[in-house]
Amino acid sequence: MTLEITSWLRIDEDELVWKATRASGPGGQHVNKTSTALELRFDVRNSPSLPEDVKARLEKLAGSRLTQDGVLILFAQGSRSQEMNRQDAQARLVDLIRRATEKPKPRKATKPTYSSKLKRLEGKAKRGTVKSGRGRVKFDD
């Protein structure tokens, strides 16, 4: 079984490691008896499915959810159903990887216009005259 990220990128489900745990927070006896929360682990650095540029962008996007070993950890506990939590974590992983596949637009350097330079210099001159008027007052006796 494979996860389809984009038309050209698929991840084998064997690369995902699932671990069921008890959810935190209120819920009565149900939450104390069942392991509905799921932890999804995906090894970004050692994944054969991802190209190197996508791996680099994914590591930046993951932030604190990425371990030092390059393993992405997603925790889903919003639902009382384990299957719903599995779908939630899987959807979040797909969304994160899909965002990492988008290449950022390169920044084009621009220069300030002539009029904006003049406007800036006029503002500086005006401010300078205001400040120079704040000096000590000299009395001529």
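How far apart in helix α3 are Arg86 and Glu83, counted in helical turns? About one turn, because Arg86 and Glu83 are three residues apart in that helix. Hi everyone, I'll come back to that pair in a moment. One thing up front: what we're looking at is a predicted model.

Okay, the core. The largest nonpolar core has 22 residues, and Phe42, Leu50, Leu58, Leu72, Leu93 and Ile97 are the ones that touch the most other members. Where does this core come from? At least two residues each are supplied by β4 (37–43), α2 (52–62), β5 (71–76) and α3. The largest share is from α3, with six residues.

Let's zoom in on Leu93. Leaving out residues up to four places away in sequence, Leu93 touches Leu3, Leu16, Leu40, Phe42, Leu72 and Leu74. Phe42 and Leu72 were on that list of core residues with the most partners, too.

Now follow helix α3, which covers residues 82–101, along to Thr101. Is Thr101 buried or exposed? Thr101 counts as buried, because its relative accessibility is 14% and the cut-off for buried is under 20%. If we skip the neighbours within four places in sequence, Thr101 is in contact with Thr6, Trp8, Leu9, Val54 and Arg57.

Val54 and Arg57 bring us to helix α2. The buried residues there are Val54, Lys55, Arg57, Leu58 and Ala62. What covers them? The cover includes β4, β5 and α3. And after α2 comes Gly63, which has a positive phi, near 60°.

Next up, salt bridges. How many are there in the whole structure? A search finds eight, and I'll walk you through some of them.

Stay on α2 for Arg57. Its side chain meets the side chain of Asp53 in a salt bridge, 3.3 Å from N to O. The two are separated by about one helical turn, because they sit four residues apart in α2. A quick reminder on helices: an α-helix has 3.6 residues a turn, so residues three or four places apart point the same way. Arg57 counts as buried, at 19% relative accessibility, whereas Asp53 is partly exposed at 32%.

Then there's Glu59, which forms a salt bridge with Arg45, with the closest N and O atoms 3.1 Å apart. Why do I like this pair? Glu59 is in helix α2 and Arg45 is in the loop between β4 and α2, so the bridge ties together parts that are 14 residues apart in sequence. Glu59 is partly exposed, with a relative accessible area of 25%. Arg45 is partly exposed as well, at 37%.

And now back to the opening pair. Arg86 and Glu83 form a salt bridge whose closest N and O atoms are 3.8 Å apart. Arg86 is partly exposed, with a relative accessible area of 24%, and for Glu83 the value is 43%, again partly exposed.

Last stop, a loop. Pro26 lies between β3 (16–21) and α1 (29–33). Buried or exposed, this one? Pro26 counts as exposed, because its relative accessibility is 82% and the cut-off for exposed is over 50%. How far is Pro26 from Ser81 in space? They are 15 Å apart, C-alpha to C-alpha, with their positions 55 residues apart in sequence.

So, if you're scrolling through the model later, start with α3, which gives the core its largest share, then look across to the buried side of things in α2, Leu58 among them. Thanks, that's my tour.

Note on methods: Residues are numbered from 1 along each chain as its sequence is written. This is a predicted model: local features need pLDDT of at least 70, side-chain atom pairs count only at pLDDT 80 or more; totals for chains, interfaces and linings use all residues. Side-chain values use heavy atoms; hydrogens and water are left out. Buried means under 20% relative accessible area, exposed over 50%, partly exposed in between (1.4 Å probe, protein chains only). Contact means heavy atoms within 4.5 Å. A nonpolar core is a set of buried Ala, Val, Leu, Ile, Met, Phe, Trp, Tyr and Cys residues joined through side-chain atoms within 4.5 Å. A salt bridge is a side-chain nitrogen of Lys or Arg within 4 Å of a carboxyl oxygen of Asp or Glu.
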